[in-house]
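User: I should like to understand how the terms used for a protein structure are justified. Please take me through the reasoning.

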Amino acid sequence: MEKLKIGPNELLATNKKLIYARLTGYGQNGSFANMAGHDINYLGLSGLLSLFGRYNEKPIPPVNLAADFGGGGLMCALGIILALYERTKSNVGQIIDASMVEGSAYLGSWLFRSQKMGMWENPRGKNLLDTGSHFYDTYQTKDKLFMCVGAIEPQFYEIFLEKLGLSSDEVPQYTNFEENRRKITEIFKTKTQAQWCAIFDGTDACVTPVLNLKDVMLHIHNKQRQTFTIVEDNLFPNPAPRLSRTPGISLGVKGNPQVGEDTVQILTELKFQPNEINHLLSNGIAYQSQHISKL
């Protein structure tokens, strides 16, 4: 942007209230600043990728969700909100340096801070929350689908075992993890996903189905909450969190804007007069698709 003379320093010199966000993989400085990369690279450099995966297997990236969208877009948006709020006090803008490496690491703060809590002392895939335990894992059903189990607390674990027809004497929570996993694996294979849902739905066993993207909209809870919308055969999650007075509207349901679709509206909001806007359009300085109907 500096090459085009529209870097933050140039623009802030003309408008001290400007908030200028820069979202990159490695940040604005450092030896990797100018290197190309993708989500997997940023997640690897953050340290978090080393934690994801099963025992004796290589690290598994959670597609491009964590760094691109979580540590990148979401953290950058949060930075903009923080800068906007701070500007209400200082009346001055600032530059936001959003690095996907740093955003991912910060998103995983709890994973760093909990390293000495006795939860992560084992190798990857051998800890309580990384599939190392039998009560926090996924299990295949008779129809080759899956159920996810997160029965961490003892009271939830007891309900989980009861629904499986087991007792804590047969399957103790904190010992014999692999043998317990083997028993539970065999039990889950005796019923279909729908049958297990009928058993676990409405209970505090912390057991739910693993839904694919084709089935998420059909699930009763998602239907009741209107979690998803379908537009022209495309499935879109509705905006979250929900605001009571000003709920969000997904841009996905609106389709992609045309080039120049909002030019007149923006110029009008900037106090340009109709004759000035027509001058800009007729001389090719600005472009508006279907601009005649908007004036």
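Analyst: Certainly. This is a predicted model. In the second largest pocket, H3 gives the most to the lining, with six residues.

User: Which elements each supply at least two residues of that lining?

Analyst: They are helix H3 (65–90), strand S2 (95–99) and helix H4 (100–107). The second largest pocket holds about 200 Å³ of space. Of the 13 residues that line the second largest pocket, Met75, Asp97, Ala98, Gly103 and Tyr106 are the closest to its centre.

User: How do the residues of this lining divide by character?

Analyst: The lining of the second largest pocket has seven nonpolar, four polar and two charged residues.

User: What lines the largest pocket, and how much space lies in it?

Analyst: About 310 Å³ of space lies in the largest pocket. Its lining consists of Leu51, Phe52, Gly53, Arg54, Ile60, Leu111, Trp120, Leu129, Asp130, Thr131 and Tyr136.

User: What makes two residues of that lining count as charged?

Analyst: Asp, Glu, Lys and Arg count as charged, and the lining includes Arg54 and Asp130. The lining therefore divides into seven nonpolar, two polar and two charged residues.

User: Why is Leu4 called exposed?

Analyst: A residue is exposed when its relative accessible area is over 50%. Leu4 has 59% relative accessibility, so Leu4 counts as exposed. Leu4 is placed in the segment before helix H1 (8–14).

User: Which residues form a nonpolar patch on the surface with Leu4?

Analyst: Met1 and Ile6 form the patch with Leu4, and together the three have about 290 Å² of accessible area.

Notes: Residues are numbered from 1 along each chain as its sequence is written. This is a predicted model: local features need pLDDT of at least 70, side-chain atom pairs count only at pLDDT 80 or more; totals for chains, interfaces and linings use all residues. Side-chain values use heavy atoms; hydrogens and water are left out. Patches are made of residues with over 30% relative accessible area and no salt bridge: like charges are joined within 9 Å, nonpolar side chains (Val, Leu, Ile, Met, Phe, Trp, Tyr) within 5 Å. Accessible areas come from the Shrake-Rupley method with a 1.4 Å probe; for residues, only the protein chains shown count as cover. A salt bridge is a side-chain nitrogen of Lys or Arg within 4 Å of a carboxyl oxygen of Asp or Glu. Helices (H or I, at least four residues) and strands (E, at least two) are DSSP runs, numbered from the N terminus. Buried means under 20% relative accessible area, exposed over 50%, partly exposed in between (1.4 Å probe, protein chains only). On a 1 Å grid over the protein atoms alone, a cavity is a set of points where a 1.4 Å probe fits but cannot get out, and a pocket is an open set with protein on both sides within 12 Å along at least five of seven lines; lining residues have an atom within 4 Å of a point. Grid points are joined across faces, edges and corners, and a volume is the space filled by probe spheres set on the points.
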